[in-house]
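Colleague: Please take me through the open sheet in this model. What is the strand order, and how does the pairing run?

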Amino acid sequence: MKSKNEKIGYTVDKENETLFQLKSRHEQSEKRLIAQNKRLIAIIGHDIKSPVSAIISFLGFLKDGVSEWDRKVVEEYIDVVLTSAESTLNLLESILFWALAEDFNDSYEPNNIDFNNILADETKNLELFASVKNINISLPVSSEIKIYADKNMVKSVFRNLLSNAIKYSHMNGRIDISVLYKNGFVETTIKDYGVGITSEVSDTLLNSNNKISTMGTNNESGTALGLSLCKEFIDIHKGKIWIVSIPGKGSEFKFTLPLSTH
């Protein structure tokens with residue numbers, strides 16, 4: 001039978017152990033929250049970097065030519081920049097609302113959505129970025145495509161992949177976007193005719209631990225953050241994402257999303 005002192009010691013040890021466990025859980029929760037916040041900031045920064053860079057580049061182009069062009073041409077270019085700035089602001093507000101609305105890890109909210117609208121809207125958001133390099137983007141001409149997916153995640157995936165295609169395309173190039181149906185999924189291909197990548201590099205690009213960063217054809221900064229996020233978002237939808245590329249001839253980024261059953 002334990003003595004009184006032994007009982008007191010046992011109680012103190014249990015309390016200390018409980019306090020240690022609570023402290024440990026609190027520290028782990030705090031670390032997760034900090035990591036999550038950093039990731040959200042990275043997402044926001046990554047998604048708006050391309051359109052903002054395009055606005056800056058286009059303004060520089062406008063400044064160089066303003067003394068030579070007539071008023072009508074200058075006004076047309078200003079309208080282009082203004083439209084892009086407004087689209088970028090709307091994009092930022094949308095991302096912020098998504099990021100702050102709830103826990104990022106629990107933010108998956110699938111619905112039946114029109115995929116064609118997403119393709120058109122996000123292409124428009126990057127229109128100025130593409131125009132800086134005079135790149136033509138062709139969208140698929142098809143009837144309404146209904147998918148069952150999280151709208152914000154799908155927007156982020158397409159935006160990142162299209163931005164990546166523009167970044168590694170040559171001046172006066174083109175990007176072809178196509179879709180086809182496969183076994184209850186829609187398969188989307190974003191094909192560029194730019195620098196391309198080796199199989200060794202493409203095998204690592206979708207890895208969340210990948211740290212490879214390469215410059216675009218117009219010295220745009222590169223990061224693998226967007227691609228790892230794309231894979232994570234596609235995985236959540238039970239889809240697939242992969243790369244087909246030939247160095248010097250371009251790349252095809254492909255991903256699948258579930259079709260709506262209604």
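Modeller: What follows is a close look at the sheet, strand by strand, in a predicted model.

For context, the protein chain holds 7 helices and 7 strands, in the succession α-α-β-α-α-β-β-α-β-β-α-α-β-β from the N terminus on. The open sheet is built from 5 strands in the order S2-S4-S5-S7-S6, and its pairing is mixed. Strands S2 (136-138) and S6 (241-246) are the edge strands; each has a single partner strand, so one side of each lacks a neighbour in the sheet. From one strand to the next, the twist averages 15°.

Begin at the S2 edge. S2 and strand S4 (residues 174-182) run parallel and are joined by 3 bridges. One residue pair to look for there is Ile137 with its bridge partner in S4, Ile175. Helix H3 (residues 115-125) packs on the sheet, where it touches S2, S4, strand S5 (185-192) and strand S7 (250-258). The direction of H3 makes about 165° with that of S4.

Now move to S7, which has antiparallel partners in S5 and in S6. S5 is joined to S7 by 7 bridges, and Phe185 has Pro258 as its bridge partner in S7. S6 is joined to S7 by 6 bridges; here Ser245 has Ser251 as its bridge partner in S7. S6 and S7 also form a hairpin, with 3 residues between the two strands. In that turn, Gly248 has a positive phi of about 85°.

S7 also deserves a look for its burial. 9 of the 9 residues of S7 are buried, so the strand is largely enclosed by the rest of the structure. Gly250, Glu252, Lys254, Thr256 and Pro258 point one way from S7, while Ser251, Phe253, Phe255 and Leu257 point the other way. Residues on both faces of S7 are buried, Glu252 and Lys254 among them. As a background figure, 39% of the 262 residues of the protein chain count as buried.

Two totals complete the setting. Among contacts in the protein chain between residues at least 6 apart in sequence, 74% join residues at least 24 apart. The protein chain exposes about 15400 Å², of which carbon and sulfur atoms supply 55%.

To return to your request: the order is S2-S4-S5-S7-S6 with mixed pairing, the S2 to S4 pair is parallel, and S7 pairs antiparallel with S5 and with S6.

Key:
Residues numbered from 1 in each chain as written. Predicted model: local features only at pLDDT ≥ 70, side-chain atom pairs only at ≥ 80, totals over all residues. Heavy atoms only, no water. Pairing = 2+ DSSP bridges. Helix = DSSP H or I, 4+ residues; strand = E, 2+ residues; numbered from the N terminus. Axes fitted to C-alpha atoms, helices over the stretch in contact; angles between N-to-C directions. Contact = heavy atoms within 4.5 Å. Buried < 20%, exposed > 50% of the residue type's maximum accessible area, 1.4 Å probe, protein only. Areas by Shrake-Rupley, 256 points an atom, 1.4 Å probe, with all protein chains shown as cover.
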